[in-house]
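Visitor: Could you walk me through reading a fold like this one?
Guide: Gladly; let us look at it together.

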Amino acid sequence: MEPKIRRMTNKYSVITAVTSFVTQPIPGADELIVVPIHYYFSVSLTRARGAPLLGAPWLQVSKIIWGGAAVRLFANFTLGLVPVAGLFSNAITAIALTELLGRYLDGALSSSAPPPPVSMRTIREAVQGQRQASRAQPI
């Protein structure tokens with residue numbers, strides 16, 4: 001990933017994490033706000049790569065965004081019941097999905113091969129991996 005794309009991904013990861021953290025007490029509100037942010041990020045990344053907007057794999061990008069929203073909503077209803085854990089879980093899942101989206105879109109736009117399909121398993125593993133990594137780090 002180019003440094004410019006890495007900085008953009010980091011920027012949008014922070015934006016989605018803060019948004020998710022702040023809106024977590026209202027069920028579903030964070031998903032309603034983060035979904036448009038992810039689409040805006042996808043458009044920005046596509047333009048930054050110099051690719052035509054219609055050249056991006058929008059079906060797969062939409063699967064990541066909406067599948068991620070579903071996974072995050074499920075996590076919100078399970079971990080969201082624990083006061084502090086819900087706040088951090090929302091932020092961590094937002095970061096994980098923004099990272100997955102950035103890596104996937106960057107890889108798809110840099111290759112001439114058709115982009116690989118995205119499944120719910122891919123999304124779930126990205127979120128679970130990020131949550132497990134955050135638990136393993138010492139405080």
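Guide: We will go from the overall fold to a helix pair and then to a single residue. This is a predicted model, where local features need pLDDT of at least 70, side-chain atom pairs count only at pLDDT 80 or more, and totals for chains, interfaces and linings use all residues. Residues are numbered from 1 along each chain as its sequence is written, and side-chain values use heavy atoms, leaving out hydrogens and water.

Visitor: How many helices and strands are there in the protein?
Guide: Helices (H or I, at least four residues) and strands (E, at least two) are DSSP runs, numbered from the N terminus. The protein has 5 helices and 0 strands.

Visitor: How do I read a helix pair?
Guide: Two packed helices are described by the angle between their axes and the distance between the axes. Axes are lines fitted to C-alpha atoms, for helices over the stretch in contact, with angles from 0 to 180 degrees between N-to-C directions. Here the axes of H2 (residues 29-48) and H4 (residues 83-110) come within 10 Å and cross at roughly 25°. H2 and H4 are therefore roughly parallel (angles under 35 degrees).

Visitor: Is threonine 23 buried or exposed?
Guide: Buried means under 20% relative accessible area, and exposed over 50% (1.4 Å probe, protein chains only). Threonine 23, in helix H1 (residues 3-23), is buried, at 13%. Its side chain reaches the backbone oxygen of threonine 19 at 2.7 Å. Not counting residues up to four places away in sequence, threonine 23 touches Ala29, Asp30 and Ile33 (contact means heavy atoms within 4.5 Å).

Technical notes. Parallel < 35°, antiparallel > 145°, perpendicular 65-115°, else oblique. Polar contact = N/O pair within 3.5 Å; in protein donor to acceptor, adjacent residues only side chain to side chain.
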